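Me: I'd like a close look at how the pieces of this chain are laid out next to one another, with the strands at the centre. Please spell out the cut-offs as you go.

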Amino acid sequence: MLLPTFAFDASELPDDEQFAAFAAHVANSRCTRPVDSGPFLAKVRFWMMDPLLISDHWLGAFSFERDEAMVRATPADHYSLVVLLEGTMRFPRPGGDLLVEAGGASLTDLTRPETMHATDNHTIQIQIARWFLDEALPPVDVHGPLPQTPAVKVLVDFVAALAKQLPEMPASSALPMARVVRDLLAAALAGMPRRPDPTEGRQPVRQKVCRYIEKQPMGQLDLDRLCQTLGLSRASLGRAFKGDGGVLAYDRRRRLLALHSRLSDTTETRSIADLGYAYGFPDKAHLSRVFRDTFGYAPSEVRRQVAGVAPHVAEPGSLADVYKTALRNLS
């Protein structure tokens with residue numbers, strides 16, 4: 001069985017609908033263009049290779065912006081690697097704009113704001129789960145254009161070659177290829193400055209626990225059963241999650257982030273109470289309190305925030321909705 005290929009071509013739509021149709025696929029950022037109307041080149045193919053999402057884009061000139069309000073309104077916890085095959089990308093910085101040209105690459109941390117302006121371009125974009133990259137190297141402080149080192153050039157060449165083969169790739173090769181991409185990216189980032197990590201030295205235990213937690217029903221984490229299943233002591237568990245305030249605090253924040261993401265989704269019709277129950281917060285008053293303690297505002301305020309800062313809406317069941325759901329699953 002081949003890896004499923006999803007495709008979108010805006011040329012099949014009326015000229016004045018093409019950009020909006022493309023923008024509906026852009027998650028976690030606002031997308032604009034230099035002109036107000038008219039045709040817009042947008043040919044996109046993507047492949048879900050969990051824990052990666054790879055897409056091949058032919059696009060007209062556009063800009064995207066992920067400001068502080070957008071970061072709060074659409075929480076995401078993954079990286080976006082962009083390999084530029086044609087065109088240019090410009091990243092505004094206080095000390096002067098940074099430019100990426102054909103053959104270069106950038107890496108965006110979705111937990112941080114970013115703005116980018118692109119000319120007509122051809123890119124390969126890879127969304128990679130943070131935990132998956134963190135398995136291969138300690139967290140690094142990188143956000144924006146990557147230096148043109150030999151390791152980055154190898155990464156760019158491999159990603160360009162991989163994209164050509166994905167339409168014919170067996171589904172069984174997805175995870176091995178994802179690991180190759182991850183390891184090449186890790187090699188390219190190996191010399192970057194380290195990002196402070198309160199869990200440094202405790203990742204093996206932490207990774208096992210995080211994977212265990214992901215498989216448990218929301219809000220039903222049993223620490224005694226966890227320790228027994230994984231062969232851990234309460235003390236080692238506490239050390240591994242000391243920077244999070246403990247494993248229960250980590251799990252609560254994980255569920256709150258997932259709930260926030262659902263509240264930020266304009267296609268989500270369930271009530272706050274129903275969503276709270278689904279994510280392990282059956283008591284509405286308790287949910288409101290811990291949500292405000294975490295984000296600084298109540299759950300009811302999220303949908304009001306989103307009305308002013310959300311990206312374009314994807315219709316439920318549409319290709320854009322499939323793409324955005326895959327992105328949410330990375331985080």
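Reply: Seven strands line up in the order S1-S3-S4-S11-S6-S9-S12 to make an open sheet with antiparallel pairing. (Strands are DSSP runs of E with at least two residues, helices are runs of H or I with at least four, and both are numbered from the N terminus; two strands pair if DSSP finds at least two bridges between them.) This is a predicted model, in which local features need pLDDT of at least 70 and side-chain atom pairs count only at pLDDT 80 or more, while totals for chains, interfaces and linings use all residues. Residues are numbered from 1 along each chain as its sequence is written, and side-chain values use heavy atoms, with hydrogens and water left out.

At the edges of this sheet stand strand S1 (6–9) and strand S12 (144–145); each has a single partner strand, so one side of each lacks a neighbour in the sheet. For S1, antiparallel pairing with strand S3 (residues 42–49) runs over 4 bridges, and Phe-6 is found opposite Phe-46 in S3.

There is also an open sheet of 5 strands, ordered S2-S5-S10-S7-S8, again with antiparallel pairing. Its edges are strand S2 (30–32) and strand S8 (98–101), each with a single partner strand, so one side of each has no neighbour in the sheet. From one strand to the next, the twist averages 20°. S2 pairs with strand S5 (residues 62–66) in the antiparallel sense over 3 bridges, with Phe-64 in S5 as the bridge partner of Cys-31. Across S2 and S5 lies helix H1 (residues 15–23), which runs at about 155° to S2. (Axes are lines fitted to C-alpha atoms, for helices over the stretch in contact, and angles run from 0 to 180 degrees between N-to-C directions; contact means heavy atoms within 4.5 Å.)

Further along, the axes of helix H9 (residues 247–264) and helix H11 (residues 284–295) come within 11 Å and cross at roughly 90°. These two helices are therefore roughly perpendicular to each other, a label for angles of 65 to 115 degrees (under 35 is roughly parallel, over 145 roughly antiparallel, and the rest oblique). Among the H9 residues that meet H11 are Leu-256, His-260 and Leu-263, while H11 contributes residues including Val-290 and Phe-291.

How far should you trust all this? The protein averages a pLDDT of 85, and 90% of the residues score at least 70; pLDDT is the predictor's confidence in each residue, from 0 to 100. Over residues 198–202, though, pLDDT stays under 50.
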